[in-house]
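Here is a brief report on a single chain. Please look over the sequence and the fold before reading on.

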Amino acid sequence: AGEDMYHCAQQLEAAGRPFSSFDLYRTLGMAIGRINQRVQAVNADAELAEALGLAERDAVLVLESVIYDASMQI
């Protein structure tokens with residue numbers, strides 16, 4: 001499903017259409033049942049700092065989302 005979402009996002013971006021993660025799930029026919037999210041403040045390591053154009057040890061917020069399909073019984 002990850003590859004499908006990636007390709008869908010590429011197509012929407014190429015078309016100049018704004019979209020969210022929820023739009024991608026809906027477009028691919030996936031019904032969201034539940035979402036767990038965690039926000040964490042961390043200091044950027046060298047690799048992350050370079051990728052984001054920051055100084056090493058700059059503070060960043062990390063959002064981790066786990067999305068469960070509506071058909072999954074948890």
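The sections below go from the overall fold to single residues.

## Fold and dimensions

This is a predicted model. The chain holds three helices and two strands. Read from the N terminus, the order is α-α-β-α-β.

How does the radius of gyration of the chain compare with that of a compact globule? The chain has 16 Å, whereas a compact globule of 74 residues would be near 11 Å. The C-alpha trace spans about 40 × 35 × 20 Å along its principal axes.

## Burial, contacts and surface

Of the 74 residues, 14% are buried. Take the contacts between residues at least 6 apart in sequence: 42% of them join residues at least 24 apart.

The accessible surface of the chain is about 5,900 Å². Carbon and sulfur atoms account for 50% of that surface. The chain carries 5 positive and 11 negative charges. The mean positions of the two sets lie 10 Å apart.

## The nonpolar core

In soluble globular proteins, nonpolar side chains tend to be buried together. Which residues form the largest nonpolar core here? There are six: Met 5, Cys 8, Ala 9, Leu 12, Leu 24 and Tyr 25. Helix H1 (2-14) and helix H2 (21-27) each supply at least two of these core residues. H1 gives the largest share, with four residues.

Met 5 belongs to this core. Setting aside residues up to four places away in sequence, Met 5 touches Ser 21, Leu 24, Tyr 25 and Leu 28. Two of these partners, Leu 24 and Tyr 25, are listed in the core as well.

## Arg 57: a positive phi

Most residues other than glycine have a negative phi. Arg 57 has a positive value, near 80°. Where is Arg 57 found? Arg 57 sits in the loop between helix H3 (46-52) and strand S2 (59-69).

Is Arg 57 buried or exposed? Its relative accessibility is 58%, so Arg 57 counts as exposed. The cut-off for exposed is over 50%.

## Glu 64 and its distant partners

Glu 64 lies in strand S2. Its relative accessible area is 40%, so Glu 64 is partly exposed.

Which residues does Glu 64 contact beyond its neighbours within four places in sequence? They are Asn 36, Gln 37 and Arg 38. Asn 36 is 28 residues from Glu 64 along the chain. The C-alpha atoms of Asn 36 and Glu 64 are separated by 8.2 Å.

Methods
Residues are numbered from 1 along each chain as its sequence is written. This is a predicted model: local features need pLDDT of at least 70, side-chain atom pairs count only at pLDDT 80 or more; totals for chains, interfaces and linings use all residues. Side-chain values use heavy atoms; hydrogens and water are left out. The radius of gyration is taken over C-alpha atoms; the globule rule is 2.2 Å times the number of residues to the power 0.38. Buried means under 20% relative accessible area, exposed over 50%, partly exposed in between (1.4 Å probe, protein chains only). Contact means heavy atoms within 4.5 Å. Accessible areas come from the Shrake-Rupley method with a 1.4 Å probe; for residues, only the protein chains shown count as cover. Lys and Arg count as positive and Asp and Glu as negative; His and the chain ends are not counted. The place of a charge is taken as NZ of Lys, CZ of Arg, CG of Asp or CD of Glu. A nonpolar core is a set of buried Ala, Val, Leu, Ile, Met, Phe, Trp, Tyr and Cys residues joined through side-chain atoms within 4.5 Å.
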